[in-house]
Amino acid sequence: MSEGERTFRKVALPWMATRAIRGPILFLDIDGVLIAYPEDESMSPHFTPRCVEALKQVLRAVPELRIVFSSTWRLPEHVARLHEQWTAHGLPPELTLDSTPDTRRDDSVAMRTRRGVEIRAWLEAHPEVKRWVAIDDDREGMGGAIEEERCVFTDLRDGLTGEQATRVVAMLRETP
């Protein structure tokens with residue numbers, strides 16, 4: 001059975017209303033993307049302001065963009081913290097469209113490649129989506145399930161940078 005044929009558990013985020021999909025999609029990880037973890041600092045549950053500003057750069061440049069969370073922060077045990085940090089940094093909830101399915105209970109999906117499989121499953125469920133980019137700090141987690149040329153990989157220590165945000169905008173503006 002292929003990843004597209006499997007039925008994965010849907011992760012529902014309470015502040016997201018079901019909406020028609022229009023425009024490009026950004027699959028967004030949180031740790032290592034919106035939260036930088038410099039070597040000299042301890043782990044933090046708070047978004048890094050400069051990383052959030054880089055995301056806002058993308059959102060200003062591509063106003064029709066919608067977010068699909070691919071982070072573990074989308075899971076029930078973390079969703080309250082995600083919502084709190086999202087709104088605390090002035091990121092409008094209406095930009096968030098959905099979250100990827102949860103494959104943790106599917107033993108056929110390797111733990112290291114789970115992120116890519118979840119994104120692929122979401123894309124297969126939404127074939128109308130042609131323009132998309134995934135931002136993540138874990139290249140291995142994509143496991144070849146999605147096209148690497150559609151991904152921007154951040155460094156865990158730096159998170160999302162302005163230079164990477166510029167690259168995301170260019171990728172989203174490309175015709176598929």
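A residue is called exposed when its relative accessible area is over 50%, and buried when that value is under 20%. These two words help in reading the predicted model described here. The mean pLDDT of the protein chain is 85, with 80% of its residues at 70 or more. Confidence is below 50 over residues 1-9, a stretch that has 19 contacts in the model beyond near neighbours in sequence.

Helix α4 is a friendly place to begin. On one side of α4, Glu163 and Arg173 are exposed, and this is the other side from the buried residues. The buried residues of α4 are Gln164, Ala165, Val168, Val169, Met171 and Leu172. These residues lie on the same side of α4 because they cover an arc of only 165° around the axis. A general rule helps here: an α-helix has 3.6 residues a turn, so residues three or four places apart point the same way. The length of α4 can be checked too: its 12 residues should span 16 Å at 1.5 Å a residue, and the 17 Å between its end C-alpha atoms agrees with this.

What, then, covers the buried residues of α4? The cover includes β1, α1, β4 and β5 (151-153). Val168 gives a closer view of this packing. This residue of helix α4 has 0% relative accessibility and therefore counts as buried, the cut-off being under 20%. Leaving aside residues up to four places away in sequence, Val168 touches Leu26, Val58, Val133, Ile135 and Val152. Val168 and Ile135 are 33 residues apart in sequence, yet their C-alpha atoms are 8.3 Å apart in space.

The wider setting is the largest nonpolar core, which has 31 residues. Within this core, Leu26, Leu28, Ile30, Phe47, Leu55 and Trp86 touch the most other members. Two or more residues come from each of β1 (25-28), α1 (49-61), β2 (66-69), α2 (79-88), β4 (132-136) and α4 (162-173). A second, separate core has 15 residues, including Trp122, Trp132, Ala134 and Met142.

Leu28 shows how contacts gather around one residue. Not counting residues up to four places away in sequence, Leu28 touches Val33, Leu34, Leu55, Ile67, Val68, Phe69, Ser70, Ser71, Trp86 and Ile135.

A last example comes from strand β3 (residues 96-99), where Thr96 is found. Is Thr96 buried or exposed? Thr96 counts as buried because its relative accessibility is 0%. The side chain of Thr96 also reaches the backbone oxygen of Pro93, at 2.5 Å.

Definitions and conventions:
Residues are numbered from 1 along each chain as its sequence is written. Side-chain values use heavy atoms; hydrogens and water are left out. Helices (H or I, at least four residues) and strands (E, at least two) are DSSP runs, numbered from the N terminus. Buried means under 20% relative accessible area, exposed over 50%, partly exposed in between (1.4 Å probe, protein chains only). A polar contact is a pair of N or O atoms within 3.5 Å; within protein, one must be able to donate a hydrogen and the other to accept it, and residues adjacent in sequence count only if both atoms are side-chain atoms. pLDDT is the predictor's confidence in each residue, from 0 to 100. Contact means heavy atoms within 4.5 Å. A nonpolar core is a set of buried Ala, Val, Leu, Ile, Met, Phe, Trp, Tyr and Cys residues joined through side-chain atoms within 4.5 Å. The expected span of a helix is 1.5 Å times one less than its number of residues. The arc is that of the directions from the helix axis to the C-beta atoms.
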